[in-house]
Amino acid sequence: MVFDFYPTPATIARRVAAASSISLPKLVADFSAGDGSLLRAASDRWPSAVIIATDIQSKLVRQIKAVNPTWIAGTCDFLLERSVRSCKSLAGREGAVDLILLNPPFSMRGQAVAGNSRPVPSIALRFLLRATAYASQHAEICAILPISSLYGEKDRSARLRLERDWSIHLVEKLPRGSFPGCFAEAAIVRLSRKLSEGEERSTETPTLFSHATITRGRVHVHTVKPKRGGPRVEFIHSTNLTNSRVSRSSLHVDPVQVITGPAILIHRVGRPSKSKVCMLEAGRRVQLSDCVIAIQAQDREEIESIFEALMEHYATLKSAYIGTGAPFITVSRLNNLLSTLLK
């Protein structure tokens with residue numbers, strides 16, 4: 001069996017290293033080091049860190065040793081227990097690594113197909129699961145993973161195993177063609193250990209700006225019932241979001257979950273479109289379908305500032321729409337994105 005090998009471009013390697021929130025890791029490792037690009041980015045950011053590099057290809061390991069003589073490097077098939085046990089570079093390292101960087105193989109030529117109906121995790125998720133054994137108590141794992149590993153049914157059980165102990169944060173979706181010769185969609189993710197009761201994390205997750213909230217609509221468009229008289233509000237679906245404006249709706253419903261402008265409305269599901277980032281004017285009251293997300297703030301100036309940031313960095317917003325079927329964005333991903341843009 002031969003792992004597919006797609007080296008990590010230096011520009012992406014730097015973004016993977018930058019995804020870590022650890023201020024000064026003492027021990028950094030990559031168990032599928034390839035040409036060492038992820039670890040070079042880590043060494044540039046943390047010059048004092050001890051670096052461990054392993055790879056299944058002895059030729060690549062020899063090259064790493066020649067270029068980086070201070071690194072601890074060894075040849076190892078990370079998915080083969082016998083190989084792991086015999087690798088001197090990994091001896092005594094379980095539970096000791098502060099930061100793990102990974103661009104694991106996405107596929108393997110000659111991989112055997114399971115003879116029963118039990119799903120077998122992808123190569124990438126198997127790498128990630130094994131890597132967790134080497135993570136210290138407050139470690140992070142920053143990895144490049146195929147989108148299918150994050151959302152596909154094949155890796156669902158493996159994700160559930162990870163999520164018992166780790167929080168998985170999507171950092172950035174990578175466009176197709178980011179790796180020469182590889183056409184799978186991929187993303188940079190950061191895994192952080194979940195805290196035990198009473199434990200505090202030394203680094204804080206950034207919060208959204210003050211007095212701003214993000215709300216997802218809860219009414220399914222196919223279940224909405226029009227109301228002809230009495231108290232009622234406009235019902236806004238994603239089809240009402242056009243040309244950066246919220247068009248008037250002929251459908252009025254009971255005022256159950258009312259959003260009052262000024263606000264920004266974006267579509268939650270479907271092909272990303274800049275024209276669907278829309279301003280809702282001050283004083284206008286609407287009820288949202290479950291395909292629309294609203295961003296509200298204390299005053300119009302703050303809303304306009306958020307809108308301008310989303311327009312200026314629309315490519316970043318677009319990359320947050322992910323899914324194996326119709327692309328979608330979550331409140332959590334939008335919150336993290338705005339926290340980054342407006343810090």
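Helix axes are lines fitted to C-alpha atoms over the stretch in contact, and angles between them run from 0 to 180 degrees between N-to-C directions. With that in hand, here are some close-up views of this predicted model.

**View 1. Helices α1 and α2 cross obliquely.** Helix α1 spans residues 10-18 and helix α2 spans residues 37-45; their axes come within 8 Å and cross at roughly 55°. That angle makes α1 oblique to α2. The crossing of α1 past α2 is right-handed. On the α1 side, the contact is made by Ala13, Arg14, Val16, Ala17 and Ala18, and on the α2 side by Ser37, Leu38, Ala41, Ala42 and Arg45. Sorted by character, the residues of this contact divide into 7 nonpolar, 1 polar and 2 charged.

**View 2. A mixed sheet of 7 strands.** Follow the strands of this open sheet in the order β4-β3-β2-β5-β7-β9-β8, and you will find that the pairing is mixed. At the edges stand β4 (72-75) and β8 (166-174); each has a single partner strand, so one side of each is left without a neighbour in the sheet. From one strand to the next, the twist averages 15°.

**View 3. Strand β2, covered on both faces.** Take a look at the two sides of β2 (residues 27-30): Leu27 and Ala29 are on one side, Val28 and Asp30 are on the other, and all are buried. Strand β2 runs parallel to β3 (residues 50-55), and 4 bridges join the two strands. One pairing to pick out is that of Asp30, whose bridge partner in β3 is Ala53.

**View 4. Helix α5 against the sheet.** Helix α5 lies across β5, β7 and β9 (186-193), and runs at about 170° to β7. Because 7 of the 9 residues of α5 (residues 123-131) are buried, the helix is largely enclosed by the rest of the structure. The buried residues are Ile123, Ala124, Leu125, Phe127, Leu128, Leu129 and Ala131.

**View 5. From the loop at Ala133 to the start of a strand pairing.** Ala133 is found in the loop between α5 and β7 (135-146). The residue is partly exposed, with a relative accessible area of 40%. Leaving aside residues up to four places away in sequence, Ala133 touches Glu94 and Gly95. Val97 is 36 residues from Ala133 along the chain, yet their C-alpha atoms are separated by 9.3 Å. Val97 also has a bridge partner in β7, namely Ala135. The strands concerned, β5 (residues 97-102) and β7, run parallel and are joined by 5 bridges.

**View 6. A second open sheet, with 4 strands.** Here the strands are arranged in the order β14-β11-β18-β15, again with mixed pairing. The edge strands are β14 (252-253) and β15 (258-260), each of which pairs on one side only. Between them, β11 (residues 233-236) and β18 (residues 285-288) pair in the parallel sense over 3 bridges. To find your place in this pair, look for Glu234, which stands opposite Val286 in β18.

**View 7. The whole chain, for orientation.** Stepping back from the close-ups, the secondary structure of the chain comes to 10 helices and 19 strands. Of its 343 residues, 49% count as buried. Among contacts in the chain with a separation of 6 or more, 70% are accounted for by residues 24 or more positions apart.

Key. Residues numbered from 1 in each chain as written. Predicted model: local features only at pLDDT ≥ 70, side-chain atom pairs only at ≥ 80, totals over all residues. Heavy atoms only, no water. Pairing = 2+ DSSP bridges. Parallel < 35°, antiparallel > 145°, perpendicular 65-115°, else oblique. Left-handed = near helix turned anticlockwise from the far one by under 90°. Contact = heavy atoms within 4.5 Å. Nonpolar A, V, L, I, M, F, W, Y, C, P; charged D, E, K, R; others polar. Buried < 20%, exposed > 50% of the residue type's maximum accessible area, 1.4 Å probe, protein only.
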